Amino acid sequence: MNMFSDIKSGVIVDATFGGGGHTRRMLDRNGLTVVAIDRDADAAANAAELASDERFVFVRGSFGNLDQLLDAEGVQSIDGVLFDLGVSSHQLDQPMRGFSYRHPGPLDMRMGDGPLTASEIVNEWAESDLASVISRYGEERFARRIARAILAARPIADTAALAAIVREAIPAATRQTGGHPARRTFQALRIAVNDELGELERGLDAALDRLSPGGRCVVISYHSLEDRIVKQKFVAAARTCVCPPGLPICVCETVPQVTIVTKKALGPSEAEVIRNPRARSAKLRCCEKVAA
Ligand SMILES: C[S@@+](CC[C@H](N)C(=O)[O-])C[C@H]1O[C@@H](n2cnc3c(N)ncnc32)[C@H](O)[C@@H]1O
């Protein structure tokens with residue numbers, strides 16, 4: 001379902017350009033200009049293919065700095081914004097990026113060129129901090145066992161070694177459930193390395209402020225931590241009253257910033273999952289800016 005189909009003209013921000021699939025579909029529609037953002041150097045290289053289209057501009061940076069990035073481009077208000085979160089297939093499939101537990105590679109996991117790497121977390125952080133990251137960002141119930149095993153095995157050289165240590169730390173009887181035993185730990189490290197949840201909070205706040213009336217914010221998320229933030233931000237922005245509970249009448253005169261278009265998150269169609277199995281866990285939410 002195309003959440004931007006009613007937007008016939010104006011500026012759409014693709015905050016996660018990646019391979020540019022969504023941007024290309026937007027540019028197929030004549031009235032739209034796309035400001036595309038990504039913090040990954042490979043995404044910047046992909047964007048070069050579209051450089052001759054005057055309705056397209058690419059900005060290398062993090063969407064957590066959306067205000068600064070758009071100010072620098074002279075873009076004040078926007079008519080739509082898309083966040084297609086997480087890592088791209090391209091990033092996952094490149095062992096040298098260190099995102100995959102299936103292929104040996106360096107413990108990197110950076111989407112951009114920030115200072116923190118997975119190696120620093122795995123090889124230098126205190127056991128309690130490591131366990132806390134794995135528990136909070138991986139929702140991994142064996143986080144403490146995994147952190148203990150990691151400390152015992154230091155120094156850990158690469159993703160293959162880490163995946164094997166995590167696998168061994170998880171009780172054999174539970175290894176078969178929920179996919180690869182290292183999946184949750186790798187997710188946790190990736191989120192911490194890239195401050196993914198902080199980026200999402202800052203990016204959404206800026207995006208909702210910048211939308212013009214009738215403009216839409218669309219977010220595709222891939223795990224419950226992201227989806228929870230999106231849902232809570234949309235609900236907070238759609239609130240019509242913030243009076244303390246118990247007041248007989250509303251006195252706050254709160255004006256909602258948005259209306260929620262997707263009352264429940266939308267999942268992928270079967271055809272989409274067949275085309276792209278990684279879309280299986282995708283959840284799409286959309287809200288629309290209220291007229292001022
Ligand atoms: C799922 S992919 C997007 C795929 C894209 N929609 C396409 O059609 O090819 C996510 C992309 O978002 C980028 N990304 C993730 N977090 C980001 C952030 N905070 N700021 C900028 N780019 C980010 C990643 O580098 C990756 O290229």
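How do the residues of the shell around the ligand divide into nonpolar, polar and charged? I looked this up before anything else, keeping in mind that the model is predicted. The shell splits into six nonpolar, eleven polar and five charged residues.

**Entry: around the ligand**

I counted who sits there. The ligand has 22 residues around it, and the closest are Gly19, Asp38, Phe63, Asp84 and Glu199. Then I went through some polar contacts. The side chain of aspartate 38 puts an N or O atom 2.7 Å from an oxygen atom of the ligand. Glutamate 199 has a polar side-chain atom 2.8 Å from a ligand nitrogen. With threonine 16 it's the backbone that takes part: one of its polar backbone atoms is 3.5 Å from a nitrogen atom of the ligand. I also checked how much of the ligand is covered. On its own the ligand has 610 Å² of accessible area, and the protein covers 91% of that.

**Entry: salt bridges**

Next I turned to charged pairs. I found 19 salt bridges in the structure, and I picked out a few.

Aspartate 40 and arginine 97 are one pair, with their side chains meeting at 2.8 Å, N to O. Aspartate 40 is in the loop between β2 (32-38) and α2 (41-47), while arginine 97 is in the loop between α4 (89-93) and α5 (118-124), so this salt bridge ties together parts 57 residues apart in sequence. I checked both for burial, and both aspartate 40 and arginine 97 are buried.

Arginine 184 and glutamate 140 are another pair, and their closest N and O atoms are 3.0 Å apart. Arginine 184 belongs to helix α9 (residues 183-193) and glutamate 140 to the loop between α6 (127-138) and α7 (143-153), so here the parts tied together are 44 residues apart in sequence. Arginine 184 is buried, and glutamate 140 is buried too.

Then I tried arginine 167 and glutamate 168, whose side chains form a salt bridge at 3.6 Å, N to O. Are these two buried or exposed? Arginine 167 has 35% relative accessibility, so I put it down as partly exposed. Glutamate 168 comes out at 54%, so it goes down as exposed.

One last thing I noted is a network: Asp40, Asp42 and Arg97 are joined by salt bridges that share partners.

Key. Residues are numbered from 1 along each chain as its sequence is written. This is a predicted model: local features need pLDDT of at least 70, side-chain atom pairs count only at pLDDT 80 or more; totals for chains, interfaces and linings use all residues. Side-chain values use heavy atoms; hydrogens and water are left out. A salt bridge is a side-chain nitrogen of Lys or Arg within 4 Å of a carboxyl oxygen of Asp or Glu. Helices (H or I, at least four residues) and strands (E, at least two) are DSSP runs, numbered from the N terminus. Buried means under 20% relative accessible area, exposed over 50%, partly exposed in between (1.4 Å probe, protein chains only). A residue is near a molecule or strand if one of its heavy atoms lies within 4 Å of it. A polar contact is a pair of N or O atoms within 3.5 Å; within protein, one must be able to donate a hydrogen and the other to accept it, and residues adjacent in sequence count only if both atoms are side-chain atoms. Accessible areas come from the Shrake-Rupley method with a 1.4 Å probe; for residues, only the protein chains shown count as cover. Ala, Val, Leu, Ile, Met, Phe, Trp, Tyr, Cys and Pro count as nonpolar, Asp, Glu, Lys and Arg as charged, and the others, Gly among them, as polar.
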